[in-house]
Amino acid sequence: MGKYFGTDGFRGEAGVTLTAEQAYRVGLILGYLYGREKGKCRAVLGKDTRLSSYMLEYALASGLTAAGADAYILHVTTTPSVSYITRCDGFDCGIMISASHNPYYDNGIKIMNGQGEKLEDSVISVIEDYLDGNFVEIPLASGVNIGRTVDYISGRNRYIGHLISLSTCSYKGLRVGLDCANGSAWQIAKSVFDALGAKTFTIGDAPNGTNVNDGVGSTHIEKLAALVRENSLDLGFAFDGDADRCICVDGCGNTLTGDEELYICADWLKSRGELAGDKIVCTVMSGGGLIQSLKNKGISCSVCGVGDKNVCAEMNASGAVLGGERSGHIIFSKYESTGDGLVTAIMIMEAVVESKRGLADLLKGYKSLPRCSSDIPVKDKFSVMPKLSACAGEMEKSLGVRVVVRPSGTENVIRIMAEGENYENCIGACGRLRDVVGE
C-alpha cells in the first residue's frame, strides 16, 4: 500500500484527508500521463451518492480537462459499471468516486486502467509522487487543446442492459428483497430485477447524501433479513455504497456471506460444465470450511491476499473463472474484470431458478468452521503489526486455531480473525490480540 492509495484506491475523510485540491491534481496527472501516451486522454467518471462525491467529481473533471483530457460523466452509478464501460467503450482509464462501505463523511477515488482493472502499482507510484511534489510540473492545455466534459448517461443505461442480458431465466413469481444501502444501486438494482420479472421489495433506496450505509447495506444485513421475514420473501440481496459487494439472505432471513455465495456459484457452474479447471480463487479471510466443502465437491481453491485486485491477479494466473472474498466481492471473469454485486445477485438467481431449489437446499454439503473476528481501531496500523504477528503465531500453536491479522487498506483499523474447531479457543485468540493492542 502507498501513502495515499490503499487496497481499494485513495480513501479518507472528505475535505480533510481527501480534498478537492488533491482530486484536481489526480485528474491533472491522469490526463497528462495518458495524453502523453495517446495524444488525448479519454476518461470516464462515476460517483456514488455521498454529499462530497459531487465536489470530487467536478475537481477530477477540472483536472482532467485542464490537462487536455475529455471527461465522460456517468453521474451516480456503480463501481463495476465504470469498469464495464471503461473496458467496452475503449476509454484510457476509469475513475469511481466512492468510499464503498464506509460512512458518508469518508470518500475515495478508485482508478481503473483501460481493461477496467485496478490501476497498476507503477502508475499509482507516479500519481503519489506528483501529489507529494516529486514530479515535473504539468503543462496546462490551452486553446483548442483544452479538454471537455461529456454527459455520458447512455453508458450507465448500456450497463443496465448488459445486466439484464446476463439472465437466461424469468424471475416471475419470485419475491426478492433489495437493500441498496442508499448508495449507487438505489435505482439500478430495482430496474434490473423488475425487468427480469421479479416482485421486488426495496430498502435503502432514498439517498440524501449523508445516509449511505447508515444502518443498511451489506454491512448491516439485519434490516434486509427483517424485510425478507416480514414479507415472506424468497430471498434478498444487500449491496454496499458502490455496489461491488453483495451479501445474500435466504427465505428464513439467514445470512449468506461471500463464502456461501462462492460455494453455491462454484457448484452451479461446475454442474453446467463452466467452472474451468474445477477451481476457484478465495482469500485468506475465507473460511476453511469453504475450502473443505468445495474439495468434497471436487473443486479446489487457490488462496491469495485480501483485495479484489489480488483475487483478479490470481484468477488470471490460474485460469479460474470464479473468485471472491468473504465480504461479498465476487468476480465472474466471463462477465466482469472486477467484483460486481449485481452480477453476483443475478448469478445466484440463475442458480435458484435453473435448479428449482431454494438457497438452503443449494447450501447442502457446505459446513463452516467456528470463527471469531474483530476490527481494532489504532492510530498507527503498521507499528503494531510485528507484535501482533508474533502473538498470532503463538495463538496458532497454543490454541490450535488459524489466525489472520492484517491492517485494513481503507481504515485505521487492524482486522483480526481466528478460526478453528473450538469456538472458545477462537474467542481466546482474538481476546489476546486485542490485549496486545491495548498494551
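**Exercise 1. Burial of Y171 and F193**

Classify Y171 as buried or exposed from its relative accessibility, then do likewise for F193.

*Solution.* Step 1: take the value for Y171, which is 0%. Step 2: apply the cut-off; buried means under 20%. Y171 therefore counts as buried. Step 3: repeat for F193. Its relative accessible area is 0%, so F193 is buried. Keep in mind that the model is a predicted one.

**Exercise 2. Aromatic pairs**

How many aromatic pairs does the structure hold? Take the pair of Y32 and F135 and work out its geometry. Then treat Y171 and F193.

*Solution.* Step 1: the count is 12 aromatic pairs. Step 2: for Y32 and F135, the centres are 6.3 Å apart and the planes meet at 75°. Planes over 60 degrees apart count as edge-to-face, and that is the label of this pair. Step 3: place the partners. Y32 is in helix α1 (residues 20-38), while F135 is in the loop between α4 (121-131) and β7 (149-151). They are 103 residues apart in sequence, so the pair ties together parts that distant along the chain. Step 4: check burial. Y32 is buried at a relative accessible area of 19%. F135 is partly exposed at 25%.

Step 5: turn to Y171 and F193. Their ring centres are 6.1 Å apart and the planes stand at 40°, so the pair is tilted. Step 6: place these partners. Y171 belongs to the loop between α5 (153-166) and β8 (175-179), and F193 to helix α6 (residues 188-195). The pair therefore ties together parts that are 22 residues apart in sequence.

**Exercise 3. The buried side of α6**

Which residues of α6 are buried? Find how they are arranged around the axis and name elements that cover them.

*Solution.* Step 1: list the buried residues. They are I188, A189, V192 and F193. Step 2: look at their directions. The arc around the axis is only 115°, so they sit on the same side of α6. Step 3: recall the helix geometry. An α-helix has 3.6 residues a turn, so residues three or four places apart point the same way. Step 4: identify the cover. It includes α5, β8, β9, β10 (235-239) and α11 (341-355). Step 5: look past the helix. G197 follows α6 and has a positive phi, near 100°.

**Exercise 4. Charges over rings**

Which ring lies under the charged end of R42, and which one under K199?

*Solution.* Step 1: the charged end of R42 sits over the ring of F91, 4.2 Å from the ring centre. Step 2: K199 lies over the face of F201, at 5.9 Å from the ring centre. Step 3: test the distances. The cut-off is 6 Å.

**Exercise 5. Cysteines**

How many disulfides are there? Explain the result for C88 and C265.

*Solution.* Step 1: the count comes to 0 disulfides. Step 2: a disulfide needs sulfur atoms within 2.5 Å. Step 3: for C88, the closest cysteine sulfur is in C312, 14 Å away, which is too far for a bond. C88 is partly exposed, at 42%. Step 4: for C265, the closest cysteine sulfur is in C246, at 9.1 Å, again too far for a bond. C265 is buried, at 0%.

**Exercise 6. Two sheets**

What is the strand order in the sheet of 5 strands, and which strands stand at its edges? Do the same for the sheet of 7 strands.

*Solution.* Step 1: the 5 strands run in the order β9-β8-β10-β11-β12, an open sheet with mixed pairing. Step 2: β9 (199-203) and β12 (255-256) each have a single partner strand, so one side of each lacks a neighbour in the sheet. Step 3: zoom in on one edge. β11 (residues 246-250) and β12 run antiparallel, joined by 2 bridges. V249 has T255 in β12 as its bridge partner. Step 4: inspect the connection. N254 is in the loop between β11 and β12. N254 is partly exposed, at 43%. Beyond its neighbours within four places in sequence, N254 contacts C248 and V249.

Step 5: the 7 strands form an open sheet in the order β1-β2-β6-β5-β3-β4-β7, also with mixed pairing. Step 6: its edges are β1 (5-6) and β7, each with a single partner strand, so each has one side without a neighbour in the sheet. Step 7: β2 (residues 9-13) and β6 (residues 106-112) pair antiparallel over 4 bridges. F10 stands opposite I109 in β6. Step 8: F10 also joins Y4 and F5 in one aromatic cluster.

Terms used:
Residues are numbered from 1 along each chain as its sequence is written. This is a predicted model: local features need pLDDT of at least 70, side-chain atom pairs count only at pLDDT 80 or more; totals for chains, interfaces and linings use all residues. Side-chain values use heavy atoms; hydrogens and water are left out. Rings of Phe, Tyr and Trp (its six-membered ring) pair if their centres lie within 6.5 Å; planes under 30 degrees apart count as stacked, over 60 as edge-to-face and the rest as tilted. Buried means under 20% relative accessible area, exposed over 50%, partly exposed in between (1.4 Å probe, protein chains only). A charge sits over a ring if NZ of Lys or CZ of Arg is within 6 Å of the ring centre and within 35 degrees of the ring normal. Two strands pair if DSSP finds at least two bridges between them. The arc is that of the directions from the helix axis to the C-beta atoms. Contact means heavy atoms within 4.5 Å.
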